[in-house]
Amino acid sequence: MSINDNIFKIMKDKGLTQKEFSRLSGIPESTISDWKNHGKIPGSDKLGLICRTLGVDLHSLFVDDMGVETDTDGVQPLSADERQLIFTYRSIPEYRKKAVLTYFEYLKDTPLSDSQENIKKTANTVAKKEEKDVDIDFLQKKILARKLRKLARLDRIKLDENEHKQGLNLHLFKYLDYLGIEKLDYIKDYLSHIQPFMLTEIKSQEKFDNAICVLDGGYRIAIYIKVDATKGEEVIVSFHENHKNGVARATRQSKNTTSVYVFADGVGSHVVGTDSYTIDLFLTRGIKTIHIIVAAYRYDEDGFLVRLADIDREITNMANQYLEDIYTSDIDFSTIDKFSSMYQLSFTSFGQDNLSNISILIDSLLIQQTQMGRQIADAAICIYCNSISLLDCDKKELIDTLKERFAVNSSRFIPLIMERVEMNLLTVE
């Protein structure tokens with residue numbers, strides 16, 4: 001039996017349908033169908049989640065009823081201890097993995113005569129050495145996030161609303177104007193919820209000591225934030241989607257096995273005698289502030305470690321529900337690929353207005369892997385745009401705002417998609 005056969009057998013034994021398993025695990029139903037119908041093997045990042053949802057250990061996924069190892073394509077089967085080592089390694093924070101590997105290398109080359117105390121001492125030295133560079137990067141991100149959060153509380157913030165040389169830096173401000181949102185209040189709120197794991201510093205753009213330039217990489221196209229915080233003067237904030245020479249590249253996705261550092265917005269339950277907690281996070285994505293409750297591990301007096309996968313799942317579940325609500329009863333939502341990562345979503349896809357609805361429909365079309373999925377996602381865009389009832393002048397404003405927003409995009413399909421959006425918006429019934 002294969003690992004897939006074992007998963008579906010355990011599901012059947014427990015009386016779980018694919019739909020129920022998807023709801024409990026947060027794994028898209030289309031992904032589960034691929035395991036059954038197309039023989040795709042679950043990724044290593046999902047094995048722990050599968051085990052927790054089914055209430056079994058990892059060993060159960062690799063052994064059938066008779067205790068026989070599942071198919072491993074001719075590779076020598078792993079022992080129970082080896083599987084446990086792999087499972088544990090995948091569950092620890094990313095920054096500790098290199099230290100573990102280095103320690104294993106040390107053990108391999110260490111004479112048996114070495115005492116346990118010497119081995120322990122060497123392991124601690126190796127771990128500190130390997131984590132030093134990572135800790136510096138982590139500390140910088142922590143300091144950046146705290147500084148931005150602090151600046152957000154100031155009364156002397158102003159926005160850089162001058163058009164830059166490329167002319168592609170005002171489209172998010174125009175989107176906020178289109179929605180009737182006060183831009184300055186929004187930016188302050190956005191910065192007040194920024195988290196260290198979102199940030200990548202761009203030192204080449206920081207021309208003086210009090211300049212901060214970062215990318216918020218939690219979107220399909222990273223958000224460029226530049227803050228000129230000269231002491232005693234106004235704080236000027238630039239805010240737009242990141243691009244180079246007028247073309248934006250999709251953000252590289254982080255591995256969902258990573259544990260990330262966060263500042264908690266509230267602390268819930270605590271397992272007495274441990275560093276295990278549940279915490280509240282308020283994450284601003286697009287124009288929405290999303291409340292998330294996640295399991296966390298106390299890292300230091302300022303913050304916690306949480307699994308990025310838990311944050312990702314909450315955001316994508318919200319986006320998929322939002323997308324499903326937009327679909328009409330004439331189109332089968334279950335036949336398209338759902339969002340599986342927050343990095344597939346644009347800044348303007350977090351809202352519930354006409355522009356946000358079209359934006360999330362476009363993002364959905366761009367992630368489809370099959371011809372059928374692309375046809376259905378395209379039909380959904382056309383039907384939605386055709387159903388919008390606005391005055392001609394309001395339709396023109398919507399089209400102009402959409403065009404400016406999607407001018408920063410690396411997908412070669414965007415011009416064609418925008419033509420179809422405009423054609424269906426302007427269709428006269």
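This passage describes two sheets, the helices packed on them, and a cavity. The model is predicted.

The sheet built from S1 to S5 is considered here before the other. This open sheet has five strands. Their order is S1-S5-S4-S3-S2, and the pairing is mixed. Strand S1 (157-159) and strand S2 (199-201) form the edges. Each of these edge strands pairs on one side only. Neighbouring strands of the sheet are turned against each other by 25° on average, direction ignored.

Within this sheet, strand S3 covers residues 211-216 and strand S4 covers residues 223-229. S3 and S4 pair in the antiparallel sense, and six bridges join them. Cys-213 stands opposite Lys-226 in S4. A helix also packs on the sheet: H10, formed by residues 183-192. H10 touches S1, S3, S4 and strand S5 (235-241). The direction of H10 makes about 115° with that of S1.

H10 has a helix partner as well. Packed helices are described by the angle between their axes and the distance between the axes. Helix H9 (residues 171-179) packs against H10 at an angle of about 115°. The axes of H9 and H10 lie 10 Å apart. Their crossing is right-handed. On the H9 side, the contact is made by Phe-173, Leu-176 and Asp-177. On the H10 side, Lys-183, Tyr-186 and Ile-187 take part. By class, the residues of this contact are four nonpolar and two charged, with no polar residue. H10 thus has contacts with strands of the sheet and with H9.

The other sheet is built from S6 to S10. This sheet is also open and has five strands, in the order S6-S10-S9-S8-S7. The pairing here is antiparallel. Strand S6 (259-262) and strand S7 (266-270) stand at the edges. Each has a single partner strand, so one side of each is left without a neighbour in the sheet. The twist averages 40° from one strand to the next.

Strand S9 (residues 288-298) pairs with strand S8 (residues 276-285) in the antiparallel sense over 10 bridges. Two bridge pairs place residues of S8 and S9 across from each other. Leu-281 has Ile-292 in S9 as its bridge partner. Tyr-277 is partnered by Ala-296 of S9. S8 and S9 form a hairpin with two residues between the strands. In this hairpin, Gly-286 takes a positive phi near 60°.

S9 also pairs with strand S10 (residues 304-307). These strands run antiparallel, and two bridges join them. Arg-298 stands opposite Phe-304 in S10. S9 and S10 form a hairpin, with five residues between them.

Helix H11 (residues 308-326) packs on this sheet. The helix touches S6, S8, S9 and S10. The direction of H11 makes about 155° with that of S9.

The structure holds one cavity of 30 Å³ or more. The volume of the largest cavity is about 30 Å³. Its lining comprises Ile-326, Tyr-327, Thr-328, Ile-331, Leu-361, Ala-380 and Tyr-384. By class, six of these lining residues are nonpolar and one is polar. No charged residue lines the largest cavity.

Note on methods. Residues are numbered from 1 along each chain as its sequence is written. This is a predicted model: local features need pLDDT of at least 70, side-chain atom pairs count only at pLDDT 80 or more; totals for chains, interfaces and linings use all residues. Side-chain values use heavy atoms; hydrogens and water are left out. Two strands pair if DSSP finds at least two bridges between them. Helices (H or I, at least four residues) and strands (E, at least two) are DSSP runs, numbered from the N terminus. Axes are lines fitted to C-alpha atoms, for helices over the stretch in contact, and angles run from 0 to 180 degrees between N-to-C directions. Contact means heavy atoms within 4.5 Å. On a 1 Å grid over the protein atoms alone, a cavity is a set of points where a 1.4 Å probe fits but cannot get out, and a pocket is an open set with protein on both sides within 12 Å along at least five of seven lines; lining residues have an atom within 4 Å of a point. Grid points are joined across faces, edges and corners, and a volume is the space filled by probe spheres set on the points. Ala, Val, Leu, Ile, Met, Phe, Trp, Tyr, Cys and Pro count as nonpolar, Asp, Glu, Lys and Arg as charged, and the others, Gly among them, as polar. A crossing is left-handed if the near helix is turned anticlockwise from the far one by less than a right angle, and right-handed if clockwise.
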